[in-house]
Amino acid sequence: MSVFVRSFVRCVKFRSVSERIGIDCGSFRVLQPFRFCHGGSRAIAESSMLCRTLDLRSDTLTQPGESMRTAMAQAIVGDDVFGEDPTVNELQKVAADMFGMEAALFVPSGTMGNLIAVMVHCRERGSEMIVGDLSHMHIYEQGGSAQLAGVHSTTLTTSVDGTFDLEQLESKIHHSNRDVHLPCSRLVCVENTHNIMGGRVLPITFLQQVRAIADKHGIAVHMDGARVMNAAVAMGVHPSDILKHCHTASVCLSKGLGAPVGTMLAGSKEFIQGAVHARKALGGGMRQLGILAAAGKIALLDMVDRLKEDHRNAKTFAKALTQCDPPLYHVDMTSVETNIVRFRLQVPGLSQTRFCELMGEVSKEEIDALDQGVRVLMFPYIGGAIRAVWHVGVSEEDTQLAIKKAQFIAQQVWLKKATN
Ligand SMILES: *Cc1c(COP(=O)(O)O)cnc(C)c1O
């Protein structure tokens, strides 16, 4: 069989997206998270004295704490485009050592970090990169690799656990010197933890296998490791034990690690030289950057350990949903590995959007029943699911409040059904 036929046969064997992410719903839509606005109920204003808001929409919502703000105010800075900001240089050294890479570079965002990696790995016109079809790089980065880097992507079917099929990977690698019709594969990207699949941790054996295939064909492996620190904490390993299987990685400082801005891009010295160049072209060369790097240093040095609290709280919440009486929620507990919980509703007729509205507003009934009002903000998510994300701004007590609220909503939903 030719490569084409083989990969086509493999493609039809893969199931639909909603089936794959374990959610049986009719239509598949990629919801645009930042268009949604929750709460806003008039009831909230009336009872604002009794209200608390727990924001589980994303771990990007974290506020820098006291120590970060102090470090930022006191940072010694220089012009980083000249390479003369001591605080940035320190952060880059800390990151490189921690990741087990030769060098690292501060970039403004995860999106820019991934784009720079694509630009540096795929310099030649006609290069192609291979990504998961439900990866952040493919879905949520505006196709920047095509739009700005001129790089073509081909996709692999993302599995429920965030991995992809290795035979499918190998079938998609080609070298243009063998066939004039084909682009030349240069790069394969993995995502750890996998965002859309609910914070899934990629198994080390998978990373080893991807790397072995990449080495065999002379292509690079880039990890979109926005939440790779969550993966390291969940597996109880050093981040370098994960990252050593990749040539390059981008790691967000501004998610669970709590910094206000920034991503560390890491790789070989030569790769980082190319990355500095590409960052400047994208407008990411920043001057007295040490003010941000000071927060980044605290994120890497002091905030990694606490991620396990987020994981514990996420599990507690997920488990409580499965035990909720009356039942309203369905959670696949095996998918809850880190700080993200995805669940779906078992009651027909209650939309994910309406449910998020109910969680996000406080009714008089709630105050009467619980003696307090809690707004819990969550996002409707892909495939009919709802997503909740734990971070430094949500404590164990907050998690208990969120559980109470979820139980209260389940009661209300069943009560209304009974009286309808
Ligand atoms: C958040 C995220 C990014 C991008 O980060 P930004 O800093 O928002 O650009 C990339 N990949 C994954 C998996 C993410 O979750």
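How many nonpolar, polar and charged residues make up the shell around the ligand? By class, this shell holds two nonpolar, six polar and two charged residues. The structure described in this report is a predicted model.

## Ligand surroundings

The residues that surround the ligand are S109, G110, T111, H136, E191, N195, D224, A226, C252 and T263. Several of these positions can be placed on the secondary structure. T263 belongs to strand β8, which spans residues 263-267, and D224 belongs to strand β6, which covers residues 220-224. C252 is part of strand β7, made up of residues 248-252, and E191 is part of strand β5, made up of residues 184-191. G110 and T111 fall within helix α6, which comprises residues 110-121.

## Overall composition

The chain contains 18 helices and 13 strands. Of its 420 residues, 47% are buried. Among contacts with a separation of 6 or more, 75% are between residues 24 or more positions apart.

## The seven-stranded sheet

Seven strands build an open sheet with mixed pairing, in the order β2-β8-β7-β6-β5-β3-β4. The edges are occupied by β2 and β4 (152-156), each of which has a single partner strand, so one side of each lacks a neighbour in the sheet. From one strand to the next, the twist averages 20°.

Two helices are described here in relation to this sheet. Helix α6 lies across β2, β3 (127-132), β5, β6, β7 and β8, and runs at about 170° to β7. Helix α13, residues 269-281, lies across β2, β7 and β8, and its direction is at about 20° to β2.

## Strand β8 and its partners

Strand β8 is largely enclosed by the rest of the structure, because five of its five residues are buried. Its side chains alternate in direction: T263, L265 and G267 point one way, M264 and A266 point the other way, and all are buried.

On one pairing, strand β2 (residues 103-107) is joined to β8 by five bridges, and the two strands run antiparallel. Within this pairing, A103 stands opposite G267. Strand β7 is also antiparallel to β8, with four bridges between them; here A249 stands opposite A266.

## Strand β6 and its partners

What is the burial state of strand β6? Five of the five residues in this strand are buried, so β6 is largely enclosed by the rest of the structure. Both of its faces are covered, with A220, H222 and D224 buried on one side and V221 and M223 buried on the other.

Strand β5 pairs with β6 in the parallel sense over five bridges, and L187 stands opposite A220. The chain passes from β5 through helix α10 (residues 204-217) to β6 in a right-handed β-α-β crossover. Strands β6 and β7 likewise pair in the parallel sense, over three bridges. In that pairing D224, one of the residues around the ligand, stands opposite S250 in β7.

## H194 in the loop after β5

H194 is located in the loop between β5 and α10. Is this residue buried or exposed? H194 counts as buried because it has 29 C-beta neighbours inside 10 Å, whereas 20 or more are required for that class.

Setting aside neighbours within four places in sequence, H194 is in contact with G162 and R200. S135 lies 59 residues from H194 in sequence, and the two are 7.4 Å apart in space, C-alpha to C-alpha.

## The four-stranded sheet

Another open sheet has four strands in the order β9-β10-β13-β12, with antiparallel pairing. Its edge strands are β9 (329-330) and β12 (379-380), and each pairs on one side only. Strand β9 is joined to β10 (residues 340-345) by two bridges, and these strands run antiparallel. Within this pairing, R344 in β10 is the bridge partner of H330.

Helix α15, residues 307-323, lies across β9, β10 and β13 (386-389), running at about 15° to β10.

Technical notes. Residues numbered from 1 in each chain as written. Predicted model: local features only at pLDDT ≥ 70, side-chain atom pairs only at ≥ 80, totals over all residues. Near = placed C-beta within 6 Å. Nonpolar A, V, L, I, M, F, W, Y, C, P; charged D, E, K, R; others polar. Buried ≥ 20, exposed ≤ 12 C-beta atoms within 10 Å, placed from the backbone. Pairing = 2+ DSSP bridges. Right-handed = clockwise from strand over helix to strand, strands pointing away. Axes fitted to C-alpha atoms, helices over the stretch in contact; angles between N-to-C directions. Contact = placed C-beta atoms within 7 Å.
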